Amino acid sequence: MNHLKKFFKDGSVQRKGTVIIGTVEGDLHDIGKNLVAMMVEGNGYEVIDLGVDVKAEKFEETLEQHPGAFVCMSALLTTTMIHMEKINQLLKEKHPEVKTFIGGAPVTADFARQIGVDYYSDGPQDLVETLNKLSA
């Protein structure tokens, strides 16, 4: 990615949109999130990586700074998945138009529906394909 970043920043790659991504509060796992972020960025999106242990307020604050961005949440621990619902509720309350995504090993499409998230992704390619459809 370091070799490719110069092309992302020099204007030769047309940006398709902005993606805010982070591992939710209480969870320090980031390998999957980092792989997803690299794939998304490599497919033409500006990625704002909030890191790990990200509270709802940080997601919302970043979305305020980047209106129209997609928001992706990751969790590896089942005990931290509950924060996805809290984050989604806050974002939808303040930004009803935002498209939210969740992913991670314990996360399922059923869980996404239960908490009102717009999209569940089971991997980076699935996410990129969904983003591309929404950005078209």
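## Salt bridges, pocket and surface patch

K55 has a relative accessibility of 42% and therefore counts as partly exposed, since that class lies between the buried limit of under 20% and the exposed limit of over 50%. These values come from a predicted model.

K55 pairs with E25 in a salt bridge, with 3.7 Å between the closest N and O atoms. K55 sits in the loop between β2 (45–49) and α3 (56–65), and E25 in the loop between β1 (17–23) and α2, so the salt bridge ties together parts that are 30 residues apart in sequence. E25 has a relative accessible area of 19% and is therefore buried, the limit being under 20%.

The structure holds 6 salt bridges in total. Side chains of opposite charge can pair when their charged atoms come close. Three of the pairs are described here, and the table gives the N to O distance of each.

| Lys or Arg | Asp or Glu | N to O distance |
|---|---|---|
| K55 | E25 | 3.7 Å |
| K33 | D49 | 2.8 Å |
| R113 | D110 | 2.3 Å |

The side chains of D49 and K33 form a salt bridge at 2.8 Å. This pair connects distant parts of the chain, with D49 in strand β2 and K33 in helix α2, 16 residues apart. K33 is buried because its relative accessible area is 3%, whereas D49 is partly exposed at 38% relative accessibility.

R113 and D110 form a salt bridge at 2.3 Å. Both residues belong to helix α5 (residues 109–115), and because they are 3 residues apart there, about one helical turn separates them. R113 has a relative accessible area of 57% and is therefore exposed, while D110, with a relative accessible area of 46%, is partly exposed. Apart from this pair, salt bridges with shared partners join E25, K55 and K86 into one network.

The loop between β2 and α3 also contains D53. D53 is not a glycine, yet its phi is positive, at about 55 degrees. With 37% relative accessibility, D53 counts as partly exposed.

Turning to empty space, the largest pocket holds about 340 Å³. Its lining is made of 24 residues, and those closest to the pocket centre are G32, V36, S74, G103 and G104. Four elements each supply at least two residues of this lining: α2 (31–42), β3 (70–74), β4 (100–103) and α6 (124–135). Helix α2 gives the largest share, 5 residues. By type, the lining of the largest pocket divides into 14 nonpolar, 7 polar and 3 charged residues.

On the surface, I31, L35 and M38 make a nonpolar patch of about 300 Å². M38 is in helix α2. M38 counts as partly exposed because its relative accessibility is 36%, which places M38 above the 30% relative accessible area that a patch residue must exceed.

Helix α2 thus recurs in this account: it supplies 5 residues to the lining of the largest pocket, contains K33 of the pair with D49, and holds M38, one of the residues in the nonpolar patch.

Notes
Residues are numbered from 1 along each chain as its sequence is written. This is a predicted model: local features need pLDDT of at least 70, side-chain atom pairs count only at pLDDT 80 or more; totals for chains, interfaces and linings use all residues. Side-chain values use heavy atoms; hydrogens and water are left out. On a 1 Å grid over the protein atoms alone, a cavity is a set of points where a 1.4 Å probe fits but cannot get out, and a pocket is an open set with protein on both sides within 12 Å along at least five of seven lines; lining residues have an atom within 4 Å of a point. Grid points are joined across faces, edges and corners, and a volume is the space filled by probe spheres set on the points. Ala, Val, Leu, Ile, Met, Phe, Trp, Tyr, Cys and Pro count as nonpolar, Asp, Glu, Lys and Arg as charged, and the others, Gly among them, as polar. Patches are made of residues with over 30% relative accessible area and no salt bridge: like charges are joined within 9 Å, nonpolar side chains (Val, Leu, Ile, Met, Phe, Trp, Tyr) within 5 Å. Accessible areas come from the Shrake-Rupley method with a 1.4 Å probe; for residues, only the protein chains shown count as cover. A salt bridge is a side-chain nitrogen of Lys or Arg within 4 Å of a carboxyl oxygen of Asp or Glu. Buried means under 20% relative accessible area, exposed over 50%, partly exposed in between (1.4 Å probe, protein chains only).
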